[in-house]
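Good morning, colleagues. Please take a moment with the sequence and the structure before I begin.

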Amino acid sequence: MMPGTITERHTAEAITPVAIRDLTGAERTVALYVSDMPNGRRNHANEQVRAWIVQGAERLGMEELRRRAEYFRGWRLLDMHGLATAQIQARHEQRFPKANRLIWADKTAAGNISREGMTEATRLRNGAAAVDGDCPCHGTGGIPVQTPFPDGSLMMLCPVHRRAEIDAHHRARRAGH
Ligand SMILES: [Zn+2]
């Protein structure tokens with residue numbers, strides 16, 4: 001199957017009603033992206049947004065929705081730090097060829113989350129991320145960063161594969177440790 005193409009599934013999975021509160025932020029974004037939501041920056045009534053999220057989720061099926069959502073999160077975490085490689089960037093653009101639509105789907109999904117929230121179980125996997133391609137950490141969790149100092153490079157924690165440690169560090173800092 002080509003990434004980014006919409007496939008209709010006729011399996012039992014597609015018949016299960018989609019509960020919006022069971023979808024992470026990234027899953028709602030991807031569902032909106034593949035739905036019939038029109039292009040363009042426009043606010044829509046929440047009932048309409050709900051219908052598009054369900055439509056997109058049913059089009060992809062939960063397994064594919066989850067997979068694309070994790071790749072989207074992984075790409076964003078790397079991109080935020082300027083670490084997305086050409087391969088990772090190319091696969092992301094193949095999956096989401098319309099950059100503006102993706103941004104707007106993401107904003108619309110964020111609006112939906114602030115209205116409806118998510119279940120506790122969903123919140124626990126909300127940050128799930130994966131890299132489609134060779135991560136710049138090469139599976140080691142550490143990415144060498146050049147410094148202006150003559151004595152060489154530093155290692156930074158991979159924002160995808162060392163996420164748990166980075167989050168724990170931020171939590172400890174907020175708690176004042
Ligand atoms: Zn990594």
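How far apart should the ends of helix α4 (residues 62-80) be, at 1.5 Å a residue? For its 19 residues the expected span is 27 Å, and the end C-alpha atoms are 27 Å apart, so the two values agree. I should say at once that this is a predicted model, and that every value I quote is computed from it.

Let me stay with α4. Its buried residues are L65, R66, R68, A69, E70, Y71, F72, R73, G74, W75, L77 and L78. The elements that cover these buried residues include α2, α3 and α5 (86-95). Just after α4, G82 adopts a positive phi of about 65 degrees.

Two of those covering helices also meet each other. Two packed helices are described by the angle between their axes and the distance between the axes. For α2 (residues 25-34) and α3 (residues 46-60), the axes come within 7 Å and cross at roughly 85 degrees. The pair is therefore classed as roughly perpendicular. On the α2 side, the contact involves R28, V30, A31, L32, Y33 and V34; on the α3 side, it involves W52, I53, G56, A57, R59 and L60. By class, this contact comprises nine nonpolar, one polar and two charged residues.

I turn now to the strands. Strands β1 (residues 142-146) and β2 (residues 153-157) run antiparallel and are joined by five bridges. Within this pairing, V145 has L154 in β2 as its bridge partner. The two strands form a hairpin with six residues between them, and G152 in the turn has a positive phi of about 105 degrees.

Beyond the hairpin, R162 lies in the loop between β2 and α8. Is R162 buried, partly exposed or exposed? It has 18 C-beta neighbours inside 10 Å, and burial requires 20 or more while exposure requires 12 or fewer, so R162 counts as partly exposed. Apart from neighbours within four places in sequence, R162 is in contact with G141 and L157. Its C-alpha atom is separated by 16 Å from that of V145, the two residues being 17 apart along the chain.

Finally, helix α8 (residues 163-174) has 12 residues and reaches 17 Å from its first C-alpha to its last, close to the expected 16 Å. How many of the 12 residues of α8 are buried? The count is zero, and α8 is hardly covered. The helix is followed by G176, whose phi is positive, near 85 degrees.

Conventions
Residues are numbered from 1 along each chain as its sequence is written. This is a predicted model: local features need pLDDT of at least 70, side-chain atom pairs count only at pLDDT 80 or more; totals for chains, interfaces and linings use all residues. Helices (H or I, at least four residues) and strands (E, at least two) are DSSP runs, numbered from the N terminus. The expected span of a helix is 1.5 Å times one less than its number of residues. Two strands pair if DSSP finds at least two bridges between them. Axes are lines fitted to C-alpha atoms, for helices over the stretch in contact, and angles run from 0 to 180 degrees between N-to-C directions. Angles under 35 degrees count as roughly parallel, over 145 as roughly antiparallel, 65 to 115 as roughly perpendicular and the rest as oblique. Two residues are in contact if their C-beta atoms, placed from the backbone, lie within 7 Å. Ala, Val, Leu, Ile, Met, Phe, Trp, Tyr, Cys and Pro count as nonpolar, Asp, Glu, Lys and Arg as charged, and the others, Gly among them, as polar.
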